[in-house]
Amino acid sequence: MELPFAESWRIKMVEPIKKSTREEREQWMKEADYNLFQLRSEQVYIDCLTDSGTGAMSDRQWAAVMMGDESYAGSSSFFHLKEMINKITGFEYVIPTHQGRAAENVLFSHLVKAGSIVPGNSHFDTTKGHIESRKATALDCTIDEAKDTQLEIPFKGNVDPKKLEKALAEHHENVPFIIVTITNNTAGGQPVSMQNLREVRAIADKYGKRVVLDSARFAENAYFIKTREEGYADKTIKEIALEMFSLADGMTMSAKKDGIVNMGGFIATRHEDWYEGAKRFCIPFEGYLTYGGMNGRDMEALAVGLDENTEFDNLETRIHQVEFLAGLLDEYGIPYQRPVGGHAIFVDADKVLTKVPKEEFPAQTLAIELYLEAGVRGCEIGYILADRDPVTRENRFGGLDLLRLCVARRVYTDNHMRVIAAALKNVFDRRDEITRGVEIVWEAELMRHFTVKLKKLF
């Protein structure tokens with residue numbers, strides 16, 4: 001008999017979570033202006049809002065916390081972290097920041113100017129926000145296949161080489177760099193192949209441009225290369241990661257994802273001029289160069305987290321749980337972005353709530369319904385997150401409208417996945433009864449989804 005799959009870790013500590021009544025959730029949702037970001041954590045039963053900073057640290061990481069050097073300058077913890085980043089990425093120059101958007105802010109302050117055009121694959125919300133706030137353009141060059149959620153191809157997060165070539169041919173003078181997000185979050189946590197990274201590198205070299213990897217989930221991307229791309233089955237995750245980074249010039253990282261820490265991030269590059277330019281903004285924005293926005297204890301924990309999460313067993317356990325949830329949704333016939341990505345399930349709200357007009361934000365409506373059903377908090381990755389066009393100020397309805405259900409690393413059991421799936425099935429079974437959604441009553445100019453206030457129309 002073949003042995004069943006089991007986690008590659010044991011549980012040492014637990015945290016209680018509480019159920020609530022539907023009446024309580026209806027009141028809490030109203031008080032939160034139907035924005036799930038505004039809920040208090042104790043009002044949530046199973047939290048799938050994000051995998052950012054929500055993972056459970058290991059015993060080795062907690063031990064490393066006690067070794068943190070909190071020196072303002074020259075912290076030994078920084079050099080431990082730098083050594084690990086050098087080992088995994090090959091990048092010589094490292095600037096720590098308090099999280100990924102801070103890394104973007106520091107690096108983009110040096111590189112992005114008004115009128116710049118930054119091509120990439122489905123820039124995530126903060127990336128796009130940091131570009132557009134500088135009166136620049138985030139140009140999406142993702143493959144068209146990513147828009148077909150039911151299409152099964154192994155590397156749906158890829159950059160379209162033809163789109164990228166066209167962008168550089170037309171705008172090369174205004175392109176400061178190319179950015180590739182690994183994995184492609186906005187497209188559904190979809191990976192980018194090594195072959196695609198080589199194609200991007202070749203086009204970049206042709207036009208004399210540099211490549212940045214948005215690397216929040218680089219380890220998960222390496223896992224998919226190992227398991228899906230020919231020629232990589234026998235390579236380690238660390239070997240694959242080093243090859244990925246060899247095809248880039250620098251990276252930004254939210255370490256709260258694949259670093260499995262609660263706070264932290266960094267910039268790393270092989271180019272001294274980028275380092276010199278970025279460090280001018282690190283000191284006023286984040287802090288001194290050997291701590292940036294991080295405590296010494298967090299840098300120690302991150303060094304261990306990067307080491308642990310670039311091992312196959314850890315990644316296999318994590319991604320298997322996402323696949324387990326996907327399998328349950330398959331049983332219930334619930335459509336999501338296929339194939340399953342690394343960190344989350346992205347439910348295709350347009351295919352679920354077919355009677356809710358796009359102007360009433362189906363994915364946000366589905367997220368609200370799921371919370372009201374069982375206290376499960378997800379996140380809209382769709383029409384609200386897309387913001388308005390910076391020129392026309394019209395809502396951008398051209399992309400996918402997805403409900404993202406993130407799975408925190410080393411936090412929930414498969415029984416929690418069963419609850420999520422059953423709750424979503426209950427909503428799915430009455431989908432034809434849901435004909436209205438929500439409307440915006442207040443919004444910020446950029447990254448509005450975090451603080452938007454909504455009115456319920458159903």
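This briefing covers one helix, two cis peptide bonds, and a few loop residues. The model is predicted. Helix 14 runs over residues 362–374 and is mostly covered. Cis peptide bonds join I182 to T183 and R338 to P339. Positive phi values occur at K135, at R410 and at G375.

**Helix 14**

- Helix 14 has 13 residues, and at 1.5 Å a residue these should span 18 Å.
- The end C-alpha atoms of helix 14 lie 19 Å apart, which agrees with the expected span.
- Of the 13 residues in helix 14, 12 are buried.
- The buried residues of helix 14 include the run P362, A363, Q364, T365, L366 and A367.
- Also among the buried residues of helix 14 are I368, E369, L370, Y371, L372 and A374.
- G375 comes just after helix 14 and takes a positive phi of about 75°.

**Cis peptide bonds**

- The peptide bond between I182 and T183 is cis, with omega at about -10°.
- T183 sits in the loop that connects strand 5 (178–181) with helix 7 (194–206).
- The peptide bond between R338 and P339 is cis, with omega at about -10°.
- P339 belongs to the loop between helix 12 (312–332) and strand 9 (344–348).

**Positive phi outside glycine**

- K135 is a residue other than glycine, yet its phi is positive, near 60°.
- The loop between helix 5 (125–132) and strand 4 (137–140) holds K135.
- K135 counts as exposed because its relative accessibility is 62%, and the cut-off for exposed is over 50%.
- R410 is not a glycine either, and its phi is positive at about 60°.
- R410 is placed in the loop between strand 12 (402–406) and helix 15 (414–429).
- R410 has a relative accessible area of 18%, so it is buried; the cut-off for buried is under 20%.

**A233 and its loop**

- A233 is located in the loop between helix 8 (218–228) and helix 9 (237–246).
- With a relative accessible area of 51%, A233 is exposed.
- Between A233 and Y223 there is a separation of 10 residues in sequence, and their C-alpha atoms are 9.6 Å apart in space.

Notes:
Residues numbered from 1 in each chain as written. Predicted model: local features only at pLDDT ≥ 70, side-chain atom pairs only at ≥ 80, totals over all residues. Heavy atoms only, no water. Helix = DSSP H or I, 4+ residues; strand = E, 2+ residues; numbered from the N terminus. Expected span 1.5 Å × (residues − 1). Buried < 20%, exposed > 50% of the residue type's maximum accessible area, 1.4 Å probe, protein only.
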